[in-house]
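I opened this notebook to record what I looked up in one structure. The entries begin with the whole chain and then turn to a single pair of helices.

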Amino acid sequence: MLLRLTLLSLLNRWLTALLTVLSIAVSVALLLGVEKVRNGARTSFADTISGTDLIVGARTGGVQLLLYSVFRIGNATSNITWRSYRDIAKRPEVAWTVPLSLGDSHRGFRVLGTSRGYFEHYRYRGGQALAFSDGKPFDDLFDAVIGADVALSLGYAPGQEIVLSHGVGAISEGEHKDRPFRVSGILKKTGTPVDRTVHVSLEAIEAIHIDWQGGARRPGLAPPPDMLRKLDLTPKAITAAMVGVKTKLSTFRLQRFVNEYDEEALVAIFPGVALQELWGLMGTAEKALIAVAAMVVVAALFGLATMILSTLNERRREMAILRSVGASPRTVVGLLMTEAGVLSLFGVLLGTVLLYAGLVIAQPVIDVHYGLFIPIGGLSPHEMLTLGGIVLAGLAVSLLPALRAYRMSLADGMTVRS
């Protein structure tokens, strides 16, 4: 009876009720959307590099090694000699290795010297391999493979010539103009630092620096590209290396070997552990997003209470008639609280529908353009508890207008006010 009376009352004020439901629905969709994006971003961040068991570099902090080797942020304090790299690669525990050499740039994008094994062994998003949207891996000494963001930002296509710069920065005086590269391929969007990287071979890194010493070009020594192709361009040192092991049990043994290596000070880190540590450093921004979404929900609930309060004067006669026909004060309070509960419940349901409709539409667009994959799954227990809490909060904020209605006198309610 009370529910039927509530629905009839809301139907009589359908426009106000609809706007209230929409405001709650939008706030709920925003709150759940932030949660979905946050979880998707955390998963994508953790899957920036997967399938790599260890990253080896000069002895430094794990996060710092991860930043410059995977995220191309900052520079290495020291390099690994090629001899040490070969010693690690020959270990019986090792299944594959991929060398990484950093230090150059192209119009603000980092240049990575590596081997063709990089395109075979680099994995992201739970084991997904790199793929080409156009072109192929580098074959010639002066071939370059560019990430999706590089191609989009600079408007490059396969076959186009590019010039690398010595050092890191958007503007550099040390350009290798005499040894231009040709774009051989463009990688598909991954949502990882790969998108913002220009990939060349290790031999190419050696070739463009053959007449450089101490960060400056040596005059009078500039071999032409054809001559460079005939030289032994084995690198003397690299920045870091990705390592895959044959069995997971041998990972700790190999890590101990690297950390105790006698020839030079090296360190081997677990990428997953370092990624979690790095994500923990960004926890403040994550909490700020949740706080903003929660405040939007609170604002919507206060809007609900304001709506009920603003209609009380118009409904004084309605309350008085209910009391005159025998309705108890509890019934009057229950009517207003039931209205708030119904509005909150419909707002939560509509907000959930809006969320999943938005995810279905936006998921492929976000994946393609931003490389952020947001899985469309059911509500987690935490999210269901949150929605239940919103409905209960809607009931709670209706207490004030409900008690106010209770205190209105019968005579005052029967009096028509002009």
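**Entries on the chain and one helix pair**

I first looked up burial and found that 48% of the 418 residues of the chain count as buried. I note that the model is a predicted one.

I then recorded the secondary structure, which comprises 16 helices and 17 strands. For the accessible surface of the chain I noted about 20,700 Å², with 62% of that belonging to carbon and sulfur atoms. I also looked up the contacts between residues at least 6 apart in sequence, and 77% of these join residues at least 24 apart.

I next turned to helix H3, residues 62-69. Which residues of H3 are buried? I listed Val63, Leu65, Leu66, Tyr68 and Ser69. The cover over the buried residues of H3 includes strands S1 (54-58), S3 (94-106), S16 (240-245) and S17 (266-269), together with helix H10.

I looked further at H10, residues 271-281. The axes of H3 and H10 come within 9 Å and cross at roughly 100°. Angles of 65 to 115 degrees count as roughly perpendicular, so H3 is roughly perpendicular to H10.

Finally, I asked which residues meet where H3 and H10 are in contact. From H3 I recorded Gly62, Val63, Leu66 and Leu67, and from H10 Pro271, Ala274, Leu275, Glu277 and Leu278. By class, this contact has seven nonpolar residues, one polar and one charged. I marked Val63 and Leu66 of H3, which are among the buried residues and also meet H10.

Notes:
Residues numbered from 1 in each chain as written. Predicted model: local features only at pLDDT ≥ 70, side-chain atom pairs only at ≥ 80, totals over all residues. Heavy atoms only, no water. Axes fitted to C-alpha atoms, helices over the stretch in contact; angles between N-to-C directions. Helix = DSSP H or I, 4+ residues; strand = E, 2+ residues; numbered from the N terminus. Parallel < 35°, antiparallel > 145°, perpendicular 65-115°, else oblique. Contact = heavy atoms within 4.5 Å. Nonpolar A, V, L, I, M, F, W, Y, C, P; charged D, E, K, R; others polar. Buried < 20%, exposed > 50% of the residue type's maximum accessible area, 1.4 Å probe, protein only. Areas by Shrake-Rupley, 256 points an atom, 1.4 Å probe, with all protein chains shown as cover.
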